[in-house]
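Here is a short briefing to read alongside the model. Please keep the viewer open, and pick out each residue as it comes up.

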Amino acid sequence: MVQRDISSGDLVDEATLSLDELARACSVETSWIIERIENGLLADGSAYVASWRFTSYDLTRARRMHQLERDFEAAPELAALATDLIEENQRLKDRLRAVGR
């Protein structure tokens, strides 16, 4: 049986990833993650981040930012802004769905 690294999927509940696991799951170097954290573009400064643990939200955001940077050659700041807008759009859709629209 061949073992393969899992590079897709989502975390659920309170499971967290280390810096290395997050980087591996996003197919980036750890320096990519650290640079975006230091610039305030990734992670929210929670206790998890202070201990270098990352949530499923961080994983989704990092993957989305990396994809935008890679596919559109976007600057990190632009990728973070686009990610913010995508996330806000999803929150608004969820609210509409919750009120039955």
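## A buried salt bridge and what surrounds it

Arg 36 and Glu 69 pair in a salt bridge, with their closest N and O atoms 2.8 Å apart. This joins distant parts of the chain, since Arg 36 sits in helix α2 and Glu 69 in helix α4 (residues 56–72), 33 residues apart. Please bear in mind that this is a predicted model.

**Salt bridges**

- Side chains of opposite charge can pair when their charged atoms come close.
- How many salt bridges does the count come to? The count comes to seven.
- Are the two partners of the α2–α4 pair buried or exposed? Arg 36 counts as buried because its relative accessibility is 5%, under the 20% cut-off. Glu 69 is buried as well, with a relative accessible area of 12%.
- Arg 36 and Glu 69 also belong to a salt-bridge network that includes Glu 35.
- Another pair is Asp 84 with Arg 61, where the closest N and O atoms are 2.9 Å apart. Asp 84 lies in helix α5 and Arg 61 in helix α4, so this bridge ties together parts 23 residues apart in sequence.
- The two ends of that bridge differ in cover: Asp 84 is partly exposed at 35% relative accessible area, whereas Arg 61 counts as buried at 6%.
- Within helix α5, Arg 91 forms a salt bridge with Glu 88, the closest N and O atoms being 2.9 Å apart. The two are three residues apart in that helix, which means that about one helical turn separates them.
- An α-helix has 3.6 residues a turn, so residues three or four places apart point the same way.
- Arg 91 counts as partly exposed, at 43% relative accessibility, and Glu 88 is also partly exposed, at 34%.

**Helix α2 and its buried face**

- Which residues of helix α2 (residues 30–38) are buried? They are Trp 32, Ile 33, Arg 36 and Ile 37. Viewed down the axis of α2, these buried residues fall within an arc of 130 degrees, so they line one face of the helix.
- Arg 36 is thus listed among the buried residues of α2 while also taking part in the salt bridge with Glu 69.
- Just after α2 comes Gly 40, which has a positive phi of about 75 degrees.

**The nonpolar core**

- In soluble globular proteins, nonpolar side chains tend to be buried together.
- The largest nonpolar core has 22 residues, and Leu 22, Ile 33 and Phe 54 touch the most other members. Two or more residues come from each of α1 (19–26), α2, α4 and α5. The largest share, five residues, is from α1.
- Which residues does Ile 33 touch, not counting those up to four places away in sequence? Its contacts are Leu 19, Leu 22, Ala 23, Val 28, Leu 42, Phe 54 and Ala 62.
- Ala 62 is located in helix α4 and is buried, with a relative accessible area of 0%.
- Leaving aside neighbours within four places in sequence, Ala 62 is in contact with Leu 22, Cys 26, Trp 32, Ile 33 and Leu 42.
- Ala 62 and Ala 79 are 17 residues apart in sequence, and their C-alpha atoms are 9.8 Å apart in space.

**A nonpolar patch on the surface**

- Leu 78, Leu 81 and Leu 85 make up a nonpolar surface patch, with about 310 Å² of accessible area together.
- Leu 81 is placed in helix α5 (residues 76–98). This leucine is partly exposed, with a relative accessible area of 47%.

**Positive phi outside glycine**

- Ser 27, a residue other than glycine, has a positive phi near 60 degrees. Ser 27 is in the loop between α1 and α2 and counts as exposed, at 58% relative accessibility.
- Trp 52 is not a glycine either, yet has a positive phi of about 55 degrees. Trp 52 is found in the loop between α3 (47–50) and β2 (53–54) and counts as partly exposed, at 38% relative accessibility.

Notes. Residues numbered from 1 in each chain as written. Predicted model: local features only at pLDDT ≥ 70, side-chain atom pairs only at ≥ 80, totals over all residues. Heavy atoms only, no water. Patch = residues over 30% accessible without salt bridge, like charges linked within 9 Å, V, L, I, M, F, W, Y side chains within 5 Å. Areas by Shrake-Rupley, 256 points an atom, 1.4 Å probe, with all protein chains shown as cover. Salt bridge = Lys/Arg side-chain N within 4 Å of Asp/Glu carboxyl O. Helix = DSSP H or I, 4+ residues; strand = E, 2+ residues; numbered from the N terminus. Buried < 20%, exposed > 50% of the residue type's maximum accessible area, 1.4 Å probe, protein only. Arc of directions from axis to C-beta. Core = buried A, V, L, I, M, F, W, Y, C linked by side-chain atoms within 4.5 Å. Contact = heavy atoms within 4.5 Å.
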